[in-house]
Amino acid sequence: MTVRPITIHGEPVLHRRAAEVTQIDDEIRTLVADMSETQDAARGVGLAAPQVGVGLRIFTWTFDDSGEAPSRGHVINPVLTRLGKTSQEDPDPDEESEGCLSVPGYSFPLKRSDHVRLTGIDVHGAAIDFEATGWFARIMQHEFDHLDGYLYINRLNGKWSRRWKKSLRREGWTVAGNTWLPGVDADPFGHDEHEHHEDHHPA
C-alpha cells in the first residue's frame with residue numbers, strides 16, 4: 001500500500017462528477033487499499049477517490065460510532081438517499097463544523113441531513129446497504145458530495161460562504177497542481193498521534 005498525495009481545491013478532478021467504476025480489477029483494488037492507507041496517514045474519517053487524483057466513484061471511511069454499519073469500509077458506485085430533512089436553521093459552529101483534507105487547515109459549519117441510506121458494492125462485488133445517522137451520516141454525505149464534484153465549502157451559506165471566499169483568495173487555491181502528502185507534510189489540522197478518529201474532520 002502507498003500513501004498518495006491529496007489534491008487541494010482548484011484541482012479539476014475535485015470539481016467534476018466522477019465516473020462509475022465499470023470493472024473491479026487489480027488496479028481498483030490497489031486504489032482502494034492506497035486510499036485507506038492515505039486516509040489513515042491523514043488522520044481522516046473518510047476519503048474520496050478524486051482527493052487522490054482519481055475521478056472514479058469510490059470512497060473509504062473509518063468511524064467508530066457507526067451503529068450497525070461497518071466502522072471501517074469502502075464503497076464503489078455508491079447511491080446515497082437522504083432519509084432525514086436538513087434543517088434550515090443556521091448551523092452550530094461548535095457542533096456542526098466540517099473540515100476537508102482537500103481544503104487543508106479550515107473548517108466551517110454546515111447543516112446536513114442526520115439520516116441517510118448508502119448502497120453500493122465493495123471490491124469483492126458484495127452488496128453494501130446500510131443506514132447512517134448523526135455524524136456518520138454527515139461523513140457519508142461529505143464523501144458522496146466529492147463524487148459529484150462538490151466540496152463542503154460549495155454548500156456554505158451566508159457569512160460562512162463569505163469567509164471561505166476570503167480564505168480562498170488568500171490561499172490562491174484556484175489552479176491545478178496543489179497537493180499535500182500525509183505523513184510527510186505538516187498536518188494541516190494539527191492532529192497529534194494520540195487523537196481519536198471521532199475528533200477528526202470528514203475528508
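In this predicted model, the largest nonpolar core holds 34 residues, and those touching the most other members are I58, L101, V103, F108, I153, L156 and W164. Helices α1 and α3 (158-171) each contribute at least two residues to this core. Its largest share, four residues, is supplied by α1. Leaving aside residues up to four places away in sequence, L156 is in contact with F108, P109, L110, S161 and W164. A separate second core comprises 19 residues, among them F59, W61, F130 and M140. In soluble globular proteins, nonpolar side chains tend to be buried together.

**The sheet and its helices**

An open sheet is built from five strands in the order β2-β3-β4-β7-β8, with antiparallel pairing. Because β2 and β8 (127-133) occupy the edges and have a single partner strand each, one side of each lacks a neighbour in the sheet. On average, and with direction ignored, neighbouring strands of this sheet are turned by 35 degrees against each other.

Strand β2 (residues 46-48) is joined to β3 by three bridges in an antiparallel arrangement, and here G46 lies opposite W61 of β3. On the pairing of β3 with strand β4 (residues 72-82), five bridges are found, again antiparallel; F59 faces V75 of β4 across this pairing. Five bridges likewise connect β4 with strand β7 (residues 115-121) in the antiparallel sense, where R82 is opposite V116 of β7.

Helix α1 (residues 26-41) packs on the sheet through contacts with β2, β3 and β4, and its direction makes about 40 degrees with that of β3. Helix α2 (residues 134-147) lies across β2, β3, β4, β7 and β8 and runs at about 125 degrees to β8.

**Strand β3**

In a regular strand the side chains alternate between the two faces of the sheet. In β3, I58, T60 and T62 point one way, while F59 and W61 point the other way, and all are buried. Since five of the five residues of β3 (residues 58-62) are buried, the strand is largely enclosed by the rest of the structure. Its two sets of side chains can be followed into the cores: I58 is among the residues with the most contacts in the largest core, whereas F59 and W61 are included in the second core.

**Aromatic pairs**

Nine aromatic pairs are found in a search of the whole structure. Two of them are set out below.

| Pair | Centre distance | Angle of planes | Class |
|---|---|---|---|
| F63 and F136 | 5.9 Å | 0 degrees | stacked |
| Y106 and W173 | 6.0 Å | 90 degrees | edge-to-face |

The F63 and F136 pair links distant parts of the chain, 73 residues apart: F63 belongs to the loop between β3 and β4, and F136 to helix α2. F63 has 5% relative accessibility and therefore counts as buried; F136 is buried as well, with a relative accessible area of 1%.

The Y106 and W173 pair also links distant parts of the chain, 67 residues apart, with Y106 in the loop between β5 (97-99) and β6 (107-109) and W173 in the loop between α3 and β9 (179-180). Y106 is buried at a relative accessible area of 14%, and W173 is buried at 9%.

Ring pairs further link F59, W61, F63, F130 and F136 into a cluster. Of these residues, F59, W61 and F130 are included in the second core. A charge also sits over an aromatic ring: the charged end of R155 lies over the ring of Y150, 4.9 Å from its centre.

Key:
Residues numbered from 1 in each chain as written. Predicted model: local features only at pLDDT ≥ 70, side-chain atom pairs only at ≥ 80, totals over all residues. Heavy atoms only, no water. Buried < 20%, exposed > 50% of the residue type's maximum accessible area, 1.4 Å probe, protein only. Pairing = 2+ DSSP bridges. Axes fitted to C-alpha atoms, helices over the stretch in contact; angles between N-to-C directions. Contact = heavy atoms within 4.5 Å. Core = buried A, V, L, I, M, F, W, Y, C linked by side-chain atoms within 4.5 Å. Phe/Tyr/Trp six-rings, centres within 6.5 Å; stacked < 30°, edge-to-face > 60°. Lys NZ or Arg CZ within 6 Å of the ring centre and 35° of its normal.
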